[in-house]
Amino acid sequence: MKNCFTREMEELMKLLLKFAVAGALVAGSTVAQAADKLTFYCSAQEDWCQLMTKEFSAATGIKVNMTRKSSGETFAQIKAESSNPKGDIWWGGTGDPHLQAAEEGLTMAYKSSMRSELQDWALRQAESANDKTIGIYSGALGYGYNEDLLKKNNLSVPACWKDLLKPEYKGHVQMANPNSSGTAYTTLATMVQLFGEDQGFEFMRGLNKNINQYTKSGSAPIKSAAKGENTIGIVFMHDAVKQAVSGFPIKVVAPCEGTGYEIGSMSIIEGARNPDSAKKFYDWALSAAAQSLALQVKAYQVPSNNGSKTSPSAPDLSSIKLIDYDFKKYGSSSERKRLLKKWDTEVYAQ
């Protein structure tokens with residue numbers, strides 16, 4: 001009887017041990033799954049965001065939840081979520097709001113092992129933010145026009161920023177709202193640096209008279225022009241090149257007075273729920289292979305990795321008259337807020 005009882009106890013203990021091991025495995029699996037996730041905020045063009053999501057997931061096995069919004073909108077979302085961060089990494093969009101996020105403590109410092117492969121301007125972007133952001137691509141500001149619509153409306157070909165102020169272009173120009181769009185904020189900051197603040201705002205007020213719509217997205221004006229719904233779109237030139245290469249009657253203009261440019265950036269969100277996955281994405285996104293993916297979706301920015309493939313259709317920044325854009329000043333929280341408030345009051349309110 002005693003031996004029988006002992007055997008039953010042994011069998012019970014073995015069974016309990018099996019359950020304990022199985023439970024530990026399940027718990028371990030749950031932890032692993034939690035670590036293999038990434039919430040990705042993307043501010044580049046939609047098809048590029050989708051491709052980056054797909055390729056990173058394929059390369060690492062990490063499950064990615066991607067949300068695409070303009071850089072101004074993404075900055076506002078990260079700020080609103082700061083007490084309970086939901087995102088892990090922010091990739092793409094103009095550098096100014098990334099710099100503001102860094103200044104306000106919304107993003108965290110990280111030094112990637114890929115830095116030795118990057119162009120100097122990408123590293124300068126990182127240094128100016130104490131390594132809380134980094135440059136991933138660059139592109140010059142300009143505009144594009146629909147050649148067919150220009151001829152149809154008997155409009156002259158614009159070659160300079162100030163050409164866009166001519167009365168003949170009334171209702172034919174479109175740009176984004178600088179509160180939501182990094183492209184449009186770069187436009188505002190460019191005019192202030194190019195012409196001086198008083199003359200820059202005078203330009204923006206004059207331009208406002210010819211604007212038919214302020215869009216949410218920075219690339220929307222040239223997409224509208226490509227469809228024949230708008231004549232002139234103020235955008236980064238690579239966005240206009242994409243429409244031209246795609247077969248639409250779009251001509252790209254580098255304004256005669258000179259122009260500003262962007263350093264598209266990437267930042268890890270402070271308090272990220274999946275910081276290890278965020279760092280893996282960060283390192284991967286700085287690689288030549290990842291940056292060369294841009295060509296698959298006709299994204300013609302200049303990549304920050306020196307080994308990345310580039311297209312002959314991409315704008316040649318060395319041939320464009322670029323201003324000495326002050327990223328630190330115009331990416332600062334106080335200056336950005338001040339300029340946007342002034343634009344709302346003196347330009348948009350008209």
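**Note on the disulfides, a helix pair and Asn177**

1. The torsion about the S-S bond of Cys160 and Cys256 is about 120°, so this disulfide is right-handed. The two sulfur atoms are 1.9 Å apart. The model is a predicted one, and the torsion and distance should be read as computed values.

2. As for where this pair sits, Cys160 belongs to the loop between α6 (147–152) and β6 (173–176), while Cys256 belongs to the loop between β9 (250–253) and β10 (261–269). The link therefore ties together parts of the protein that are 96 residues apart in sequence.

3. Are the two ends of this link buried or exposed? Cys160 has a relative accessibility of 15% and so counts as buried, the cut-off being under 20%. Cys256 has a relative accessible area of 43%, which means that this residue is partly exposed.

4. The structure holds two disulfides. The other one joins Cys42 and Cys49, with the sulfur atoms 2.0 Å apart. The link of Cys42 and Cys49 is left-handed, with -80° about the S-S bond, whereas that of Cys160 and Cys256 is right-handed.

5. Both ends of the Cys42 and Cys49 link are buried: Cys42 is at 0% relative accessibility, and Cys49 is also at 0%. With bonded cysteines counted along the chain, the disulfide pattern of the protein is 1-2, 3-4.

6. Turning to helix packing, α4 (residues 95–103) packs against α14 (residues 333–348) at an angle of about 125°, and the axes are 9 Å apart. That angle makes α4 oblique to α14.

7. Which residues make the contact of these helices? From α4 come Pro97, Gln100 and Glu103, and from α14 come Ser333, Arg336 and Lys337. By class, the residues of this contact divide into three charged, two polar and one nonpolar.

8. A last point concerns Asn177, which is found in the loop between β6 and α7 (182–195). Its relative accessible area is 14%, so Asn177 is buried. Leaving aside residues up to four places away in sequence, Asn177 touches Ala184, Tyr214, Thr215, Trp343 and Tyr348. Of these partners, Trp343 and Tyr348 fall within the range given for α14, residues 333–348, and Ala184 falls within that of α7, 182–195.

Definitions and conventions. Residues numbered from 1 in each chain as written. Predicted model: local features only at pLDDT ≥ 70, side-chain atom pairs only at ≥ 80, totals over all residues. Heavy atoms only, no water. Disulfide = S-S within 2.5 Å. Buried < 20%, exposed > 50% of the residue type's maximum accessible area, 1.4 Å probe, protein only. Helix = DSSP H or I, 4+ residues; strand = E, 2+ residues; numbered from the N terminus. Axes fitted to C-alpha atoms, helices over the stretch in contact; angles between N-to-C directions. Parallel < 35°, antiparallel > 145°, perpendicular 65-115°, else oblique. Contact = heavy atoms within 4.5 Å. Nonpolar A, V, L, I, M, F, W, Y, C, P; charged D, E, K, R; others polar.
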